[in-house]
Amino acid sequence: MKKILITGAAGFLGSHLCDRFIKEGYHVIGMDNLITGDLKNIEHLFKLKNFEFYHHDVSKFVNVPGELDYILHFASPASPIDYLKIPIQTLKVGALGTHNLLGLAKSKKARILIASTSEIYGDPLVHPQTEEYYGNVNTIGPRGVYDEAKRFMESITMAYNRFHGLETRIVRIFNTYGPRMRLNDGRVIPAFIGQALRGEDLTVFGDGSQTRSFCYVDDQVEGIYRLLLSDYDMPVNIGNPHEITIRDFAEEIVKLTGTDQKVIYKPLPKDDPMQRQPDITKAKEILGWEPKVSREEGMKVTYDYFKSLPEDELYKKEH
Ligand code: NAD
Ligand code: UDP
């Protein structure tokens, strides 16, 4: 049985990855310090013999007993609100955490895949974003703590690849959504759905002309799975190229939720990227991957999930 360590296992993507690798017959070791995650996301796995969980901060020395075949490093705050609240931890988990996990991968002779992000392109001047684009990041802006941590993460990963011959994979994840996102994590999809469910106005930042391209979690997990098992060690964009303005997206949410919420406008956060759309030519050619789930289908499942949560979740204060 192949053994895989998944960091950030109690988070949104990490928990879905745990499910997928359990389904594929792996022994899964989840690791998380629960800073933005929730054990509820993986509690259904605790009864399984081939699942273990370690409550641990990966910015500190990491070890697990026995052999390891693969590591997926997904631990990191991921919502702009989270990494603005915990900027130092965000930098540490991208830098020190990644260094620890690369060291572990080297000592176990394991292949490691790291979760990078479309944020490494910053506020992009090239559209759509190809993997060849170097990006446009403000190093000292409030979002810099996340973007630069992820850029460092890619650099140190390639250094381990070239200097130590480590088997590495880099996924550049574009906005992904689905069940198990935290209702109050501040990202636009849970924010809008939460507002609709509470009967509040939907808050569009700026004039809403900025774009995003939303990928459903099952598609994302499939892309990551294929990349891990591929022979390709350069970065690959995984995301859904179907782009929409945030203003139009707010209108879609009003229709989806059948509410008559108003859309109101708030200031645009500093360095908020104006447009974002993945070029997925590489993923198509190298992994034979492309997204299958339309925004309409994915959003319906996601809305049903948020609606099914206990009502007190809607009013829960963060951190
Ligand atoms: P999430 O906040 O739901 O999950 C992150 C998990 O990491 C949480 O469970 C948190 O407790 C854990 N964590 C954070 N710091 C840790 C530390 N020092 N030690 C151990 N655990 C720690 O976020 P997510 O959306 O699931 O994102 C997961 C990964 O994917 C992140 O690395 C993020 O940067 C990357 N990513 C996500 C998206 C997206 O759209 N969801 C886009 C780009 C990149
Ligand atoms: N956004 C918004 N209203 C909100 C939350 C977010 O208009 O209540 C906007 C945000 O400014 C950004 C886009 O939605 O332009 C996506 O934000 P998110 O935090 O989901 O992720 P990002 O892609 O910026 O990391």
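In this predicted model, buried residues account for 44% of the 319 residues in the protein chain. The chain is built from ten helices and 13 strands. Its radius of gyration comes out at 19 Å, close to the 20 Å that the globule rule gives for 319 residues, so the chain is as compact as a globular protein of that length. Put in a box along the principal axes, the C-alpha atoms take up roughly 55 × 45 × 40 Å. As for how the chain meets itself, 79% of the contacts with a separation of 6 or more link residues 24 or more positions apart.

Next comes the inside of the protein. In soluble globular proteins, nonpolar side chains tend to be buried together. Here, the largest nonpolar core has 71 residues, and Ile-6, Ile-71 and Val-171 are the ones that touch the most other members. Helix α3, running over residues 87-108, gives the most to this core, with six residues. Ile-6 also makes a handy place to look around: setting aside neighbours within four places in sequence, Ile-6 is in contact with Gly-14, Leu-17, Cys-18, Val-28, Gly-30, Leu-72 and Phe-74.

Helix α5 is worth a stop of its own. Seven names turn up when its buried residues are listed: Val-188, Ile-189, Phe-192, Ile-193, Gly-194, Gln-195 and Ala-196. The cover over these buried residues includes two strands, β7 (176-177) and β8, along with the helices α7 (246-257), α9 (295-308) and α10 (311-314). Just after α5, Gly-199 takes a positive phi of about 75 degrees.

Both α5 and β8 come up again around ligand 2. Helix α5 (188-198) and strand β8 (202-205) each supply at least two residues of the shell around this ligand, and β8 gives the most, with three residues. There are 15 residues around ligand 2, of which Arg-187, Val-188, Ala-191, Phe-205 and Gln-210 come nearest. Val-188 thus appears twice, as one of the buried residues in α5 and among the residues that come nearest to ligand 2. By type, the shell divides into seven nonpolar, five polar and three charged residues.

Finally, there is the annotation. An unreviewed UniProt entry places the feature "domain: NAD(P)-binding" at residues 5-300. Over residues 5-300 the model is 37% helix and 18% strand, and the C-alpha atoms at the two ends are 31 Å apart.

Key. Residues numbered from 1 in each chain as written. Chains lettered and ligands numbered in written order. Predicted model: local features only at pLDDT ≥ 70, side-chain atom pairs only at ≥ 80, totals over all residues. Near = placed C-beta within 6 Å. Helix = DSSP H or I, 4+ residues; strand = E, 2+ residues; numbered from the N terminus. Nonpolar A, V, L, I, M, F, W, Y, C, P; charged D, E, K, R; others polar. Rg over C-alpha atoms; globule rule 2.2 N^0.38 Å. Buried ≥ 20, exposed ≤ 12 C-beta atoms within 10 Å, placed from the backbone. Contact = placed C-beta atoms within 7 Å. Core = buried A, V, L, I, M, F, W, Y, C linked by C-beta atoms within 7 Å. UniProt positions renumbered as here; feature names shortened; annotations may be inferred.
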